[in-house]
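Let's take a friendly tour of a protein, moving from its inside towards its outside. Have a look at the structure below before reading on.

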Amino acid sequence: MNKKQPWLPVGGAEARIVIVGFMLLFCVLGGYFSVRPVRETIGTILGRKATQDLWVFTAIFAILIVPSYGWLVAHVRRAVLLPSIYGFMAVAFVVAAVVFENDPQNATLARVFYVGISVMNLLLVSVFWSFMLEILNSEQTKRLFGLIAAGGTAGALVGPLLTSLFVTRIGNSGVLYLGAGMFAIAVVLQRVLLAQWHLISPEGVPGATKSDRDRALGGNPFAGFMLVIRNPYLIGIMLFVIGVSAINTFLYFEQLQLVEEQFAEITKRTQVFASLDAIVQALVVVSQLFLTGFIATRLGIIVLLVTVPIVMVFGLTVFAISGTFIVLAVAMVIRRWGEYAFIRPGREMLFSKVDKESKYKAKNLIDVAVYRLADAGFAQLKKFLEAVGMSGTAEALTTAGIAALWAINGWWLGRRYEKEKEHKSGV
């Protein structure tokens with residue numbers, strides 16, 4: 001019996017999974033976000049043009065990692081694979097710290113580090129949610145994903161805060177050691193979560209053993225590509241992610257340009273970015289704890305998926321007319337808040353309706369390779385449109401049109417999800 005805790009709307013095994021999952025995602029994103037400022041510093045040292053070229057390499061390696069990860073999932077038990085991925089990050093950060101200590105100007109390592117962390121951050125989050133989708137059913141994901149996701153948001157707040165407080169004393173190498181420590185803790189927490197998983201009857205099948213549940217998935221390491229191509233539902237999720245990337249890319253580059261124009265002082269620009277980050281993360285934490293689960297269970301996943309795209313249609317249209325920084329800043333805050341608080345949990349819930357192999361192989365392809373390819377593609381497209389003289393107003397209105405298609409795609413996915421739920425419940 002799952003007796004609920006007075007401070008948590010779940011109980012028993014669910015409560016333990018939520019707490020450990022919260023802490024694990026806290027360490028994963030806390031470790032990443034504590035180290036991310038080192039990546040950005042590397043970008044300033046390499047220069048803007050060199051960094052732009054690295055975006056292309058990031059997309060290429062995002063594609064290459066898909067079959068590699070697919071092979072590992074096919075041949076390695078998840079009880080070994082999942083902790084090993086976090087352990088690999090801890091070791092990689094330690095190695096980078098040692099090299100940077102001895103050779104701070106090592107340009108080759110700087111480039112490898114920049115590309116590697118840009119690819120791995122998406123993989124790490126995708127791996128985490130793949131496992132959570134395996135141990136929680138569709139109904140549980142609606143209630144619990146918002147609570148668990150709040151751990152990641154808290155980590156995204158604490159990680160850079162620790163870096164800002166201590167980097168002047170411990171240096172960039174010390175920050176890398178800090179990130180390694182958080183991933184080392186993540187290894188332990190993943191082991192704890194695996195132990196909690198084994199206490200629950202596997203997939204509701206009485207008598208199923210621990211080895212039955214944890215065996216490698218088998219199959220082709222390239223299966224993720226075919227799984228997506230053959231499944232309209234997964235194609236829909238892929239298009240939804242491309243929509244996320246399209247809006248994000250436009251707003252990101254417009255923000256860079258307007259902040260550069262509005263604020264001459266470098267420190268003032270940093271202050272603006274930090275203020276926007278603080279507002280977003282504060283809104284996200286509150287929403288994930290108290291609002292995401294309520295919307296998912298009471299209003300449905302469609303509301304999670306379409307609210308932000310619809311707001312973006314309106315916001316981008318207003319920005320096209322006004323062109324002011326304040327309108328863009330509000331749109332950026334709403335977009336980022338909505339993505340972390342509503343869209344990301346909603347996206348993860350969508351995968352609860354697919355088979356186990358798709359949860360790992362197809363999901364990884366969409367979350368990592370498709371996302372990074374879309375980022376690189378839309379960045380180049382924006383650069384091309386500016387080169388041929390398209391006005392900012394026209395770009396904003398075009399992006400608003402893409403947001404409308406994004407909303408329609410989200411509505412279709414939500415309807416497919418709800419119909420599948422009704423079918424399984426016999427309605």
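## The nonpolar core

In this predicted model, the largest nonpolar core is made of 115 residues. Tyr-86, Phe-93, Trp-129, Met-132, Leu-251 and Met-312 are the ones with the most contacts inside this core. Helix H4, covering residues 107–135, supplies the largest share of the core, with 18 residues.

Take Leu-251 as an example. Setting aside residues up to four places away in sequence, Leu-251 touches Met-312, Leu-316, Leu-328, Ala-331, Met-332 and Arg-335.

## A closer look at helix H4

How many residues does H4 have? The helix has 29 residues, and the distance from its first C-alpha to its last is 42 Å. That is close to the 42 Å expected at 1.5 Å a residue.

Is H4 largely enclosed or not? Of its 29 residues, 24 are buried, so H4 is largely enclosed by the rest of the structure.

## Thr-297 in helix H10

Now let's visit another helix. Thr-297 sits in helix H10, which runs over residues 292–299. Is this residue buried, partly exposed or exposed? Thr-297 has a relative accessible area of 38%, and because this value lies between the 20% limit for buried and the 50% limit for exposed, Thr-297 counts as partly exposed.

Inside the helix, a polar atom of the Thr-297 side chain lies 3.3 Å from the backbone oxygen of Phe-294. Leaving out neighbours within four places in sequence, Thr-297 is in contact with Lys-142 and Arg-143. Thr-297 and Glu-139 are 158 residues apart in sequence, and their C-alpha atoms are 8.3 Å apart in space.

Terms used
Residues are numbered from 1 along each chain as its sequence is written. This is a predicted model: local features need pLDDT of at least 70, side-chain atom pairs count only at pLDDT 80 or more; totals for chains, interfaces and linings use all residues. Side-chain values use heavy atoms; hydrogens and water are left out. A nonpolar core is a set of buried Ala, Val, Leu, Ile, Met, Phe, Trp, Tyr and Cys residues joined through side-chain atoms within 4.5 Å. Buried means under 20% relative accessible area, exposed over 50%, partly exposed in between (1.4 Å probe, protein chains only). Helices (H or I, at least four residues) and strands (E, at least two) are DSSP runs, numbered from the N terminus. Contact means heavy atoms within 4.5 Å. The expected span of a helix is 1.5 Å times one less than its number of residues. A polar contact is a pair of N or O atoms within 3.5 Å; within protein, one must be able to donate a hydrogen and the other to accept it, and residues adjacent in sequence count only if both atoms are side-chain atoms.
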